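Reader: I am new to protein structures and would like to learn how to read one. Could you walk me through it?

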Amino acid sequence: GIFGGGTAVIRTADGHATVIDGLSTAPHACTPETFTPVADTWPDYMEAEGRENSVGYRAVAVPGNLQAWCEILDEFGTLPLATVMGAAIRHAEQGFTVTPYLSACIEEKAADLALDPEISALFLRDGKPLPAGSRLVQADYAATLKSIAAAGPEVLYTGALGRQIGAAFAAAGGYITADDLAR
């Protein structure tokens, strides 16, 4: 999603390869001491006390996906951003049928999802994971995607949405700030 991170390897017809780095980065406030490790060996290697590096606002890194996708579109694409985002907007606004795979993923993380009222309202019904075959509508996400389609990634990185996210993270004890997004 737009608040994630990843990479893309693009190989053009002439054999030229380009790597676009859209990986997430640590917020500026984070240091090597931000999380306290549980263990230096498996199975708890990379886990922090209280699972703070895995669940909740403190676990979220500064997203790079949206910027990378827009860079790819600018460099290699032929369609406008609004057209490319059209299907995602439609699926978020009108909903889509939950697949067995998605239902299983929700079930696997149900306890974590239940920790956030807004997330649980989307993915849990009466405290139970959305079953396969049910419809998932994400109207707020559709509105966010529409604003990005109209104005570009700046909506997230330097605009009103970025400021709202920074304020929400500050209120919830997270590390991401509007300045992190702008960087």
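Author: We will go from the overall picture to single residues, one feature at a time. Keep in mind that this is a predicted model.

Reader: Let us begin with the whole chain. How many helices and strands are there in the chain?

Author: The chain holds 9 helices and 6 strands. Its C-alpha trace spans about 50 × 40 × 35 Å along the principal axes.

Reader: What percentage of the residues count as buried?

Author: Of the 183 residues, 32% count as buried. Contacts add to the picture: of those with a separation of 6 or more, 61% are between residues 24 or more positions apart.

Reader: Now a single helix, please. How many residues does helix α1 have, and what does it reach from its first C-alpha to its last?

Author: Helix α1 covers residues 65-76, so with 12 residues its expected span is found from 1.5 Å a residue. The helix reaches 16 Å, close to the 16 Å expected.

Reader: Which residues of α1 are buried?

Author: They are Asn 65, Leu 66, Ala 68, Cys 70 and Leu 73. The elements that cover them include the strands β1 (6-11) and β2 (17-22), along with the helices α2 (81-94), α6 (139-151) and α7 (154-157).

Reader: Why does Asn 65 count as buried?

Author: The cut-off for buried is under 20% relative accessible area. Asn 65 has 9% relative accessibility, so it counts as buried. Asn 65 is found in helix α1, and its contacts beyond four places in sequence are Gly 1, Ile 2, Gly 4, Gly 5, Gly 6, Gly 22 and Tyr 157.

Reader: Cys 70 was on that list too. How many disulfides are there?

Author: The count comes to 0 disulfides. As for accessibility, Cys 70 is buried because its value is 6%, whereas Cys 30 counts as partly exposed because its value is 21%.

Reader: What about a leucine in another helix? Is Leu 122 buried or partly exposed?

Author: Leu 122 counts as partly exposed, because its relative accessibility is 28%. This residue is found in helix α5, residues 117-123. Setting aside neighbours within four places in sequence, Leu 122 is in contact with Leu 130, Leu 136, Val 137 and Gln 138. Take Val 137: it is 15 residues from Leu 122 along the chain, and their C-alpha atoms are separated by 7.8 Å.

Reader: How do people look for pockets?

Author: Rolling a probe the size of a water molecule over the atoms shows where empty space is left. Here the largest pocket has a volume of about 1700 Å³. Its lining has 34 residues, and those nearest the centre are Phe 3, Tyr 57, Asp 116, Glu 118 and Ile 119.

Reader: Which helices each supply at least two residues of that lining?

Author: Helices α2, α4 (110-113), α5, α6 and α8 (160-171) each do so. By residue type, the lining of the largest pocket divides into 22 nonpolar, 8 polar and 4 charged.

Reader: And what of the second largest pocket?

Author: That one contains about 230 Å³ of space. Its lining has 14 residues, with Thr 25, Val 62, Pro 63, Asp 180 and Arg 183 nearest the centre. Helix α9 (residues 178-182) gives the largest share of this lining, 3 residues. The lining of the second largest pocket divides into 8 nonpolar, 4 polar and 2 charged.

Reader: How do I read the backbone itself?

Author: Most residues other than glycine have a negative phi, and most peptide bonds are trans. In this model, a cis peptide bond joins Trp 42 and Pro 43, with omega about 10°. Pro 43 lies in the loop between β2 and α1.

Reader: Which residues other than glycine have a positive phi?

Author: Arg 51 is one of them, with phi near 55°. It is found in the loop between β2 and α1, and it counts as partly exposed because its relative accessibility is 35%. Another is Asp 126, with phi near 55°. Asp 126 lies in the loop between β4 (124-125) and β5 (128-129), and it is exposed, with a relative accessible area of 82%.

Notes. Residues are numbered from 1 along each chain as its sequence is written. This is a predicted model: local features need pLDDT of at least 70, side-chain atom pairs count only at pLDDT 80 or more; totals for chains, interfaces and linings use all residues. Side-chain values use heavy atoms; hydrogens and water are left out. Helices (H or I, at least four residues) and strands (E, at least two) are DSSP runs, numbered from the N terminus. Buried means under 20% relative accessible area, exposed over 50%, partly exposed in between (1.4 Å probe, protein chains only). Contact means heavy atoms within 4.5 Å. On a 1 Å grid over the protein atoms alone, a cavity is a set of points where a 1.4 Å probe fits but cannot get out, and a pocket is an open set with protein on both sides within 12 Å along at least five of seven lines; lining residues have an atom within 4 Å of a point. Grid points are joined across faces, edges and corners, and a volume is the space filled by probe spheres set on the points. Ala, Val, Leu, Ile, Met, Phe, Trp, Tyr, Cys and Pro count as nonpolar, Asp, Glu, Lys and Arg as charged, and the others, Gly among them, as polar. A disulfide is a pair of cysteine sulfur atoms within 2.5 Å.
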